[in-house]
Amino acid sequence: MKQYPVVIIGGGMAGASLALSLANIGIENAVFEAFAPESNAQPGFDDRTVALSAASLNILKRLGLEKDLYSVAAPIKNIHVSDQGHCGFARIDASECGVPALGAVIENWQLGQALNQAISKQSLIDYYAPAKVVDIEQAEQYATLRIELSNATQEVKAGLVVLADGARSPLRQQLHIDAQVNDFRKSAVVCNLTTQLPHQHCAYERFTQDGPLALLPLTKNRMGLVWSKPTKEAQLLVELDEAKFSKQLEEAFGARLGKITKVGSRKSFPLIQLKAESLFRGRCVLIGNAAQSLHPIAGQGFNLGLRDVAALTEILTSVKEVAEDSGQPLAQQLGDYQVLRQYQESRQADREQTLWVTESLARLFSNPWLPLSVSRNMLLKTMDVAPVAKGVFASQAMGFGFNNSRMASHEE
Ligand SMILES: Cc1cc2nc3c(=O)[nH]c(=O)nc-3n(C[C@H](O)[C@H](O)[C@H](O)COP(=O)(O)OP(=O)(O)OC[C@H]3O[C@@H](n4cnc5c(N)ncnc54)[C@H](O)[C@@H]3O)c2cc1C
């Protein structure tokens, strides 16, 4: 039976990033991904866009993706936040924060392609796809995984098993790790589009009665839309013809970018918030959406998952150094109880803060109750003129809020 120090279940954005990150510190690992790499069905690498914070860009740069990313990602030079029907707004400029960009936006499939290409060049990563992990059995010194390949079933052993298998994760349930789930009863309508006026690298967040609407700058003057709506209305918006859809969007967004000139294919995604109550069980640890899933209002889901990757890598780096010095077998040490507990503790503040901020924003800015809408309008006005409030918001948006990992920092 094949044995690995680390096995990663799920080759989505979080799992693929971790595979590269571990290979960079010399830890051999295997990735098992249920869908074939070129398959459009792989949920993580679809047509959606992802806004990457400055901290995430630093992490991806350390994974060796800088060259591949910058030709296809559009920088965010400012963020404009407004409330439909009110005059209050806030604006944050990269120049005010002393950085060239607050983050960048990329299409998920392009990030997937960059990650998969980097993985294919790494001799320390064995990538299996399509390969679905169907069972995990834990023993004291290792875990055994049962995997369904296209025409066979195979077993592998691992010192540490990483669940990066997404929010629904049946394996998390199999390990009896409970999760708090909050169903917003809304869905996000997602598509790419072009507008009459150039976006000039501004990311727009607009709060409407039904929920927030984000327009993110993309390359070739396109924009990525994420529009939160009650689920039935979201479905209707997906089915509308292009002209009617554009008209509704122009009404909700306003005239800042002129008319919507072209709309790509539309899809909707149900919105939930999920928080796993523990980040490990036995030799298995959770990262990315398997650990927590967020409302996309603040574009923080993958950014948070990437900070899981950075934290776990940094802890495993120390474990590797100690194992090398003491001559102990590395694989067993990687899945040790104290190691995984350290990871869980290191992620607590960032997870709780990001989940709390995201959920509060989703509720605060989706509520049409008049006193609340007046206060949020005042909040936006205050934020626009108060440097401290602006600084806190900018630091969160750039991913530096509760994050103290070296991989995310600007330092070389
Ligand atoms: C509308 C929308 C907009 C968003 N915008 C942003 C944004 O702007 N910024 C941001 O940071 N985040 C954003 N997010 C969140 C982001 O998309 C997710 O956080 C991210 O995709 C999660 O990646 P993941 O790898 O953890 O999980 P997933 O993408 O779900 O990947 C899990 C992988 O595991 C595989 N898998 C599952 N089970 C098994 C198994 N048993 N065996 C083998 N493989 C398995 C799946 O095939 C899949 O490839 C957004 C989300 C939505 C819905």
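In which strand does Pro75 lie? This question opens the first exercise below.

The structure is a predicted model, in which local features need pLDDT of at least 70 and side-chain atom pairs count only at pLDDT 80 or more, while totals for chains, interfaces and linings use all residues. Residues are numbered from 1 along each chain as its sequence is written, and side-chain values use heavy atoms, with hydrogens and water left out.

**Exercise 1. Locate Pro75 and describe its surroundings.**

Step one is to find the element: Pro75 lies in strand S4, residues 74–76. Helices (H or I, at least four residues) and strands (E, at least two) are DSSP runs, numbered from the N terminus, and the protein chain has twelve helices and 20 strands.

Step two is to judge exposure, where buried means under 20% relative accessible area, exposed over 50%, and partly exposed in between (1.4 Å probe, protein chains only). Pro75 has a relative accessible area of 26%, so this residue is partly exposed. For the protein chain of 412 residues, 51% count as buried.

Step three is to list the neighbours, taking contact to mean heavy atoms within 4.5 Å. Leaving aside residues up to four places away in sequence, Pro75 touches Ala101, Gly103, Ala104, His201 and Pro217. Pro75 and Ala51, which are 24 residues apart in sequence, have C-alpha atoms 9.4 Å apart in space.

**Exercise 2. Work out which residues Ser268 touches, and how it relates to Ala188.**

Begin with the place of Ser268, which is strand S17, residues 267–276. Its relative accessible area is 26%, and therefore Ser268 is partly exposed.

Next, compare sequence with space: Ser268 and Ala188 are 80 residues apart along the chain, yet their C-alpha atoms are separated by 5.3 Å. Not counting residues up to four places away in sequence, Ser268 touches Ser187, Ala188, Val189, Ala234, Gln235 and Val238.

Finally, turn to the protein chain: among contacts between residues at least 6 apart in sequence, 73% join residues at least 24 apart.

**Exercise 3. Decide whether Glu107 is buried or exposed, and name the partner of its side chain.**

Glu107 is found in strand S7, residues 103–107. With a relative accessible area of 5%, Glu107 is buried.

The side chain of Glu107 makes a polar contact with the side chain of Asn192, at 3.3 Å. A polar contact is a pair of N or O atoms within 3.5 Å; within protein, one must be able to donate a hydrogen and the other to accept it, and residues adjacent in sequence count only if both atoms are side-chain atoms. Asn192 also belongs to the residues that Glu107 touches, not counting residues up to four places away in sequence, and these include Asp47, Arg48, Thr49, Leu218 and Arg222.

**Exercise 4. Identify the backbone features at Pro130, Arg185 and Gln200.**

The starting point is that most residues other than glycine have a negative phi, and most peptide bonds are trans.

For Pro130, the peptide bond from Ala129 is cis, with omega near 0°. Pro130 is placed in the loop between strand S8 (125–128) and strand S9 (131–138).

For Arg185, phi is positive, at about 55°, although this residue is not a glycine. Arg185 sits in strand S12, residues 179–195, and is exposed, with a relative accessible area of 66%.

For Gln200, which is not a glycine either, phi is positive, at about 50°. Gln200 is in the loop between S12 and strand S13 (202–208), and its relative accessibility of 62% counts as exposed.

**Exercise 5. Find which residues come nearest to the ligand, and describe the oxygen contacts.**

A residue is near a molecule if one of its heavy atoms lies within 4 Å of it. Of the 34 residues around the ligand, Glu33, Ala51, Asn289, Phe302 and Asn303 come nearest.

Now take the atoms in turn. An N or O atom in the side chain of Asn289 is 2.8 Å from an oxygen atom of the ligand. In Phe302 a backbone N or O atom lies 2.8 Å from an oxygen atom of the ligand, and in Asn303 a backbone N or O atom lies 2.9 Å from an oxygen atom of the ligand.
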